[in-house]
Amino acid sequence: MSLGGLKTILAKAAVEGVTEARARIFGHVLNPTGQRSPHKILRKKLIGEKVASWYPYDVSKDDPLVMARQEHERLSKLEMLKRRGKGPPKKGQGKRATKKK
């Protein structure tokens, strides 16, 4: 083995050792083979909390009094529509049930 070949082997080993040490120090993942890895995706911060913070908190969804009032308004509107004859048809009595051939 020539002296030049030994130097290249030692230089390569030193570079690999430095690379491994750098990865350990800075918390990087070594991928010498270049295979695809999910590490890049998994190390990203989750964005669910950030997206949720864009929207204001809706108290009406948690308050049972608000929900009851909305339900009461819905039922009263439905009753008013039924009295005018504009309510939803009974089951099986809609447009598709009375289709002419």
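Start with the charged pairs: this structure holds two salt bridges. Bear in mind as you click around that you're looking at a predicted model.

**Stop one: Arg69 and Glu73.** Select these two and show their side chains. They form a salt bridge, and the closest N and O atoms sit 3.5 Å apart. Why do Glu73 and Arg69 end up about one helical turn from each other? Both belong to helix α4, which covers residues 64-83, and they are four residues apart there, so about one turn of the helix separates them. Now switch on a surface. Glu73 has 43% relative accessibility, so it counts as partly exposed. Arg69, at 47%, counts as partly exposed as well.

**Stop two: Glu71 and Arg74.** Stay in helix α4 and pick this pair, which is three residues apart and again separated by about one helical turn. Here is the other kind of detail to check: how far apart are the closest N and O atoms of Glu71 and Arg74? The distance is 2.8 Å, and the two residues form a salt bridge. As for the surface, Glu71 is partly exposed at 37% relative accessibility, and Arg74 is partly exposed too, with a relative accessible area of 46%. In general, side chains of opposite charge can pair when their charged atoms come close.

**Stop three: a leucine patch.** Head over to helix α1, residues 3-26, and find Leu6. Add Leu3 and Leu10 to your selection: with Leu6 they make up a nonpolar patch on the surface, and together the three offer about 310 Å² of accessible area. Is Leu6 buried, exposed or partly exposed? Its relative accessibility is 39%, so Leu6 counts as partly exposed.

**Stop four: zoom out.** Switch to a cartoon view and colour by secondary structure. You'll find four helices and zero strands, running α-α-α-α from the N terminus on. The protein is more spread out than a compact globule, because its radius of gyration is 35 Å, well over the 13 Å that the globule rule gives for 101 residues. Rotate the C-alpha trace and you can follow its span of about 105 × 50 × 15 Å along the principal axes.

**Last stop: surface and charge.** How much of the protein counts as buried? Just 3% of the 101 residues do. The accessible surface comes to about 10500 Å², with 60% of that belonging to carbon and sulfur atoms. Finally, colour by charge: there are 25 positive and 9 negative side chains, and the centres of these two sets lie 13 Å apart.

Terms used: Residues are numbered from 1 along each chain as its sequence is written. This is a predicted model: local features need pLDDT of at least 70, side-chain atom pairs count only at pLDDT 80 or more; totals for chains, interfaces and linings use all residues. Side-chain values use heavy atoms; hydrogens and water are left out. Patches are made of residues with over 30% relative accessible area and no salt bridge: like charges are joined within 9 Å, nonpolar side chains (Val, Leu, Ile, Met, Phe, Trp, Tyr) within 5 Å. Accessible areas come from the Shrake-Rupley method with a 1.4 Å probe; for residues, only the protein chains shown count as cover. A salt bridge is a side-chain nitrogen of Lys or Arg within 4 Å of a carboxyl oxygen of Asp or Glu. Helices (H or I, at least four residues) and strands (E, at least two) are DSSP runs, numbered from the N terminus. Buried means under 20% relative accessible area, exposed over 50%, partly exposed in between (1.4 Å probe, protein chains only). The radius of gyration is taken over C-alpha atoms; the globule rule is 2.2 Å times the number of residues to the power 0.38. Lys and Arg count as positive and Asp and Glu as negative; His and the chain ends are not counted. The place of a charge is taken as NZ of Lys, CZ of Arg, CG of Asp or CD of Glu.
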